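Here is a short tour for someone meeting this protein for the first time. Have a look at the sequence and the model, then read on.

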Amino acid sequence: MKFEPRDVFQKLEFDKILELLEQEAISPLAGERLRSLKPSTAYKDIDVRLREAREFKLTLEKNDRLPLESYGDLTPDLRMLEIADYTLSAEGFQQILQILLNMRDIFKFFSGVKKEIYPNLYNIIRDLSFDEALISAISAVFDEQGEIRPDASPELVRINREIQHKVRELDIRFRQIIQESRAKGWLSDSPESFRNGRRVLSVPVEHKRKIKGIIHDESDTGRTVFIEPEPVVEINNDIFDLESEVRREVFRILRTLSATIRPYGHTLAAFQEVLTRLDVIQAKARLAMSMRAEMPVLKNKPLIGIRKGYHPLLYLKNKAIKRKTVPFELRLNAENHILVLSGPNAGGKSVAMKSVGLLQLMVQSGLLVPVHELSEFGVFEQVFADIGDQQSLDDDLSTYSSRLQNAQVFLKNASPQTLVLIDEMGSGTDPKPGGAIAEAVLRGLYRKGVFAVVTTHYSNLKVFAFRNQGVLNGSMHFDKDTLSPTYELKVGRPGSSYAFEIAAKSGLPRHIIDHARSRTGSETAVDDILIELQREKQELEEHLQAVQEKEKSLERLIKTYDSMHHDLEVGRKKLKLDQKEFELRLSANTSREIDKLMRQLREEKNLERMQQVAKELRQERTEKAQQVDNIHEEVVKLEEKAKPAASSRPLQVGDYVRLRAGGATGRIEDIKGKKAQVTMGGLTVSANVRDLLPVATPLQQTAYVANTDIQQAAAFESKIDIRGMSKEEALRVLEKFVDNALLSNAAALRILHGKGVGILRKVVRQKLKEYGGNIARVYHPEQESGGDGVTIVELA
């Protein structure tokens with residue numbers, strides 16, 4: 001990420017955020033990494049860092065503590081360990097053990113469902129494995145206090161045992177010497193002491209020749225000498241030799257342990273990196289907790305959409321003194337990408353502008369920010385900031401010269417991926433030329449497409465914002481009654497400096513203020529007119545938005561009405577179709593009576609009457625069938641009207657369709673006239689084209705085809721009347737009916753069998769049991785819909 005000038009971090013106080021983060025670090029390693037934290041421009045990297053911080057913050061909020069204790073820097077020891085036969089110090093092993101214990105606890109933390117609750121944190125250790133063998137090896141040598149265990153090796157056990165034996169021997173012999181010398185009056189009041197690591201007698205100087213031994217020291221006054229008695233010298237020498245043996249054995253143990261650890265150097269380095277990274281994340285999470293920060297919505301494009309945002313440092317400062325911090329809201333996008341912020345001095349303009357820059361730097365550094373969680377932040381590649389006095393005696397630059405130099409750099413390097421922050425734009429020189437130059441610079445930045453927040457008191461910049469689409473006016477609200485700022489950011493209206501009002505409150509004489517007003521002339525008038533125009537413009541825009549919302553609502557209502565009207569019309573036609581089909585079936589079900597009549601006429605040899613009856617019956621059935629077809633055509637046409645335009649083209653070979661009467665789906669293999677051959681599962685079905693509806697291409701298709709003609713399935717009717725049939729005939733008709741229903745993928749069936757003595761009802765139940773899992777439910781409807789005379793079947 002590029003910054004201009006180089007002190008942007010200091011200008012936006014990002015360096016203070018880094019200092020707060022460093023204070024939260026457990027280890028100096030993490031502290032050093034946090035001090036050097038830089039914003040990133042990689043969207044995926046930022047997103048991962050934000051999610052890691054949010055998940056760690058969640059562990060703190062739920063008191064679901066991720067175990068992370070203090071740890072040291074292994075880098076120097078691991079570097080030396082690469083040298084053959086190098087022996088680590090005891091302190092080095094303690095640091096390694098601390099890291100291993102930390103990692104063991106972290107792996108245990110993620111051993112259950114927590115790897116799913118905190119997936120981004122778990123990803124940090126996902127590719128690593130942990131073996132407790134190293135902990136066991138180190139713990140076999142060191143005790144809990146970090147001291148070498150007396151039983152670290154058999155040889156060490158032997159040496160320590162001999163030392164203990166010599167120490168007891170020394171103690172017995174020394175006590176004997178003390179008793180003998182004290183009886184002779186040769187010792188001081190404090191008979192013994194330690195000098196040069198040896199146990200010695202405290203002997204007055206006048207008796208020093210009476211006790212044989214080695215003089216190790218004398219008192220400051222010279223009146224007492226410290227003598228190691230001759231009888232214990234040899235014992236002390238033995239102890240000294242044994243202690244030397246202990247040191248040699250300890251060194252050998254540590255060298256062996258170093259050889260054991262050496263192959264795991266890369267693993268230990270990876271463990272240290274994991275702990276450092278988790279340490280950095282926990283520091284981010286703890287700082288986020290202190291400022292009530294959240295993870296905003298991250299976008300992979302330049303964008304600022306702040307909701308209920310706070311300046312982080314101001315929030316923490318006010319929190320410490322229990323003062324309320326006023327949040328702000330701001331949205332800059334491709335349509336409106338520059339904000340010209342005006343208002344009185346000390347009203348909060350600079351704080352609001354700095355807040356935008358600081359929050360953006362924090363987000364791109366993977367830090368949670370004090371905003372509402374629905375806030376949106378994009379990714380910028382450059383941040384330019386012209387804030388404060390940049391006068392330089394070394395470079396022979398005045399304040400205004402430095403501003404012009406910044407403007408030149410900004411205009412040269414700016415792009416649509418640049419965030420520009422300018423405080424008090426155009427100040428530092430004569431207002432008229434300064435304002436003109438400021439407007440020219442703002443125009444140049446505007447044409448570059450940058451995102452920018454600039455603060456100003458100049459009216460011409462406010463007018464520029466008013467006249468140019470994509471540039472917003474904004475102000476910090478000022479209470480005219482109390483003449484004090486409220487620190488509320490208002491986007492859409494320019495602000496006034498309220499110089500005369502503040503001057504009056506400050507106690508300046510009235511005649512001074514009146515004279516000043518008369519001298520400003522048209523400048524303040526332009527300001528007032530601009531504010532009023534901006535207010536009216538905003539009201540009109542809000543009114544227009546409300547009207548547009550109402551138009552959208554009206555369109556939705558009209559579409560809903562049209563849809564309901566269409567559904568009602570289709571329902572009416574289908575009801576009429578059901579009635580005609582029922583009449584047609586009823587006429588078919590009277591065939592027995594007709595057969596009886598025909599036999600009677602045949603017996604009477606009334607051929608003419610028989611032909612007339614047959615003709616009448618055929619004509620009646622033809623008329624009813626035609627009526628059914630006509631109504632069916634009307635229903636199809638109504639349903640075709642409801643289809644989207646994209647689906648109105650004629651069906652073609654290769655299209656995927658379903659039967660209008662059921663849910664079976666297949667592929668059209670051939671079309672001849674009004675007939676289509678459709679492959680459905682393992683069958684080829686012949687159906688009317690009008691009975692097919694287009695569907696989306698299914699994911700998988702069955703490869704095999706079995707040819708048959710089941711045109712009946714295309715126009716399958718889910719109702720049947722078996723009244724008057726014999727048991728055997730009813731069973732045969734029911735079997736064919738249910739088979740066709742399953743083939744057509746029908747959802748429910750209605751079987752009319754009448755009440756009578758219940759024989760046909762039992763036949764229906766008996767036959768349905770044969771279909772087992774294909775039947776979901778069998779029941780009788782309400783009494784007004786047929787009651788026990790009708791059986792409803794829901795297919796699985």
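E69 is partly exposed, with a relative accessible area of 40%; the bands used here are buried for under 20% relative accessible area, exposed for over 50%, and partly exposed in between, with a 1.4 Å probe and protein chains only. E69 also has a partner, R65: the two form a salt bridge whose closest N and O atoms are 2.4 Å apart. A salt bridge, here, is a side-chain nitrogen of Lys or Arg within 4 Å of a carboxyl oxygen of Asp or Glu.

Before going further, a word on where this comes from. This is a predicted model, in which local features need pLDDT of at least 70 and side-chain atom pairs count only at pLDDT 80 or more, while totals for chains, interfaces and linings use all residues. Residues are numbered from 1 along each chain as its sequence is written, and side-chain values use heavy atoms, with hydrogens and water left out.

## Salt bridges

How many salt bridges does the structure hold? There are 32. Side chains of opposite charge can pair when their charged atoms come close. Here are some of the pairs:

| Pair | Closest N to O distance |
|---|---|
| K11 and D7 | 4.0 Å |
| E69 and R65 | 2.4 Å |
| D238 and K166 | 3.2 Å |

In the K11 pair, K11 itself is buried at 18% relative accessible area, whereas D7 is partly exposed at 26%.

The pair of D238 and K166 is a salt bridge too, and it links distant parts of the chain: D238 sits in helix α11 (residues 230–261) and K166 in helix α10 (residues 154–183), 72 residues apart. Helices are DSSP runs of H or I with at least four residues, strands are runs of E with at least two, and both are numbered from the N terminus. D238 is partly exposed, with a relative accessible area of 25%. Elsewhere, D45, R49, E52 and R277 are joined into one network by salt bridges that share partners.

## Helix α3 and a buried threonine

Which residues of helix α3 are buried? In this helix (residues 28–35), they are L29, A30, G31 and L34. An α-helix has 3.6 residues a turn, so residues three or four places apart point the same way. The cover over the buried residues of α3 includes α2 (14–24) and α12 (265–290). At the N-terminal end of α3, S27 acts as a cap, with a side-chain oxygen 3.0 Å from the backbone nitrogen of L29.

T87 sits in the loop between α5 (75–81) and α6 (90–109). Is T87 buried or exposed? At 14% relative accessibility, T87 counts as buried. Leaving out residues up to four places away in sequence, T87 touches F251, L254, R255 and S258, where a contact means heavy atoms within 4.5 Å.

## A four-stranded sheet

Now for some strands. An open sheet is formed by 4 strands in the order β22-β23-β25-β24, with mixed pairing; two strands pair if DSSP finds at least two bridges between them. Its edge strands, each pairing on one side only, are β22 (719–721) and β24 (775–779). On average, neighbouring strands of this sheet are turned by 15° against each other, direction ignored.

Strand β23 (residues 748–752) and strand β25 (residues 790–795) pair in the antiparallel sense over 5 bridges. Opposite L749 stands V793 in β25. Helix α25 (residues 759–769) lies across β23, β24 and β25, and runs at about 170° to β24. Axes are lines fitted to C-alpha atoms, for helices over the stretch in contact, and angles run from 0 to 180 degrees between N-to-C directions.

## Backbone oddities

E4 and P5 are joined by a cis peptide bond, with omega at about -10°. P5 is in the loop between β1 (2–4) and α1 (8–11).

R292 is not a glycine, yet has a positive phi of about 55°. R292 lies in the loop between α12 and β6 (297–298) and counts as exposed, at 63% relative accessibility. E424, not a glycine either, has a positive phi of about 50°; its place is the loop between β12 (418–422) and α16 (431–448).

## How sure is the model?

The mean pLDDT of the protein is 82, and 82% of its residues reach 70 or more; pLDDT is the predictor's confidence in each residue, from 0 to 100. Confidence is lowest in strand β21 (residues 706–707), at a mean of 39, and highest in strand β10 (residues 376–377), at 96.

Notes: Polar contact = N/O pair within 3.5 Å; in protein donor to acceptor, adjacent residues only side chain to side chain.
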